[in-house]
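Open the viewer and keep the selection tool ready. This tour goes stop by stop, from the sheet to the whole chain.

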Amino acid sequence: NTTTKTVLRSDELSCPSCVPKIEKALRGLPGVEKAEVRFNTGKIEVEHDPAQSSVEALVEAVRGTGYEAQPAAF
């Protein structure tokens with residue numbers, strides 16, 4: 001069981017109240033062990049098993065809560 005860390009970015013996180021909603025949606029995905037949203041930076045860190053939840057699935061989960069997200073480029 002290999003866990004990887006994926007960082008997503010959202011420029012739409014305007015309030016702290018959106019944080020638990022997004023974290024709950026991400027944690028509901030198979031293979032997700034940890035999801036942490038920082039609304040002040042728009043950074044969403046997810047520790048997950050990529051065999052169970054792809055980066056696309058993570059992005060879709062965030063979109064499902066009404067926010068756009070994309071993989072962060074470094």
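In what order do the 4 strands of the open sheet stand? Colour the strands and read across: β2-β3-β1-β4, with antiparallel pairing. Keep in mind that this is a predicted model.

**Stop 1: the edges.** Select residues 32–38, strand β2, and then 70–71, strand β4. These are the edge strands, and each has a pairing partner on one side only.

**Stop 2: a strand pair.** Now select residues 4–9 for β1 and residues 43–48 for β3. The two run antiparallel and are joined over 6 bridges. Zoom in on T4 in this pair. Opposite T4 you find H48, in β3.

**Stop 3: the helices.** Select residues 55–64, helix α2. Helix α2 packs on the sheet and touches β1, β2, β3 and β4. Compare directions: helix α2 makes about 40° with β1. Next, select residues 18–27, helix α1. Helix α1 lies across β2 and β3. Its direction is at about 160° to that of β2.

**Stop 4: the order along the chain.** Step back and follow the chain along its sequence. You pass through the pattern β-α-β-β-α-β. That comes to 2 helices and 4 strands.

**Stop 5: two cysteines.** How many disulfides does a search of the whole structure find? The count is 0. Select C15 and show its sulfur. The nearest cysteine sulfur belongs to C18, 4.2 Å away, and C15 is in no disulfide. C18 is likewise in no disulfide, with the sulfur of C15 at 4.2 Å. The cut-off explains this: a disulfide needs the two sulfur atoms within 2.5 Å, so a pair at 4.2 Å does not count. Now turn on the surface. Is C18 buried or exposed? C18 counts as buried, because its relative accessibility is 1% and the limit for buried is under 20%. C15 has a relative accessible area of 23%, so C15 is partly exposed.

**Stop 6: the whole chain.** Select everything. The C-alpha atoms fill a box of roughly 35 × 25 × 15 Å along the principal axes. The radius of gyration is 11 Å, which agrees with the value near 11 Å for a compact globule of 74 residues. Of these 74 residues, 39% count as buried. Keep the surface on: about 4,200 Å² is accessible, and 50% of that belongs to carbon and sulfur atoms.

Last, show the contacts. Among those with a separation of 6 or more, 62% link residues 24 or more positions apart.

Terms used:
Residues are numbered from 1 along each chain as its sequence is written. This is a predicted model: local features need pLDDT of at least 70, side-chain atom pairs count only at pLDDT 80 or more; totals for chains, interfaces and linings use all residues. Side-chain values use heavy atoms; hydrogens and water are left out. Two strands pair if DSSP finds at least two bridges between them. Contact means heavy atoms within 4.5 Å. Axes are lines fitted to C-alpha atoms, for helices over the stretch in contact, and angles run from 0 to 180 degrees between N-to-C directions. Buried means under 20% relative accessible area, exposed over 50%, partly exposed in between (1.4 Å probe, protein chains only). The radius of gyration is taken over C-alpha atoms; the globule rule is 2.2 Å times the number of residues to the power 0.38. Accessible areas come from the Shrake-Rupley method with a 1.4 Å probe; for residues, only the protein chains shown count as cover.
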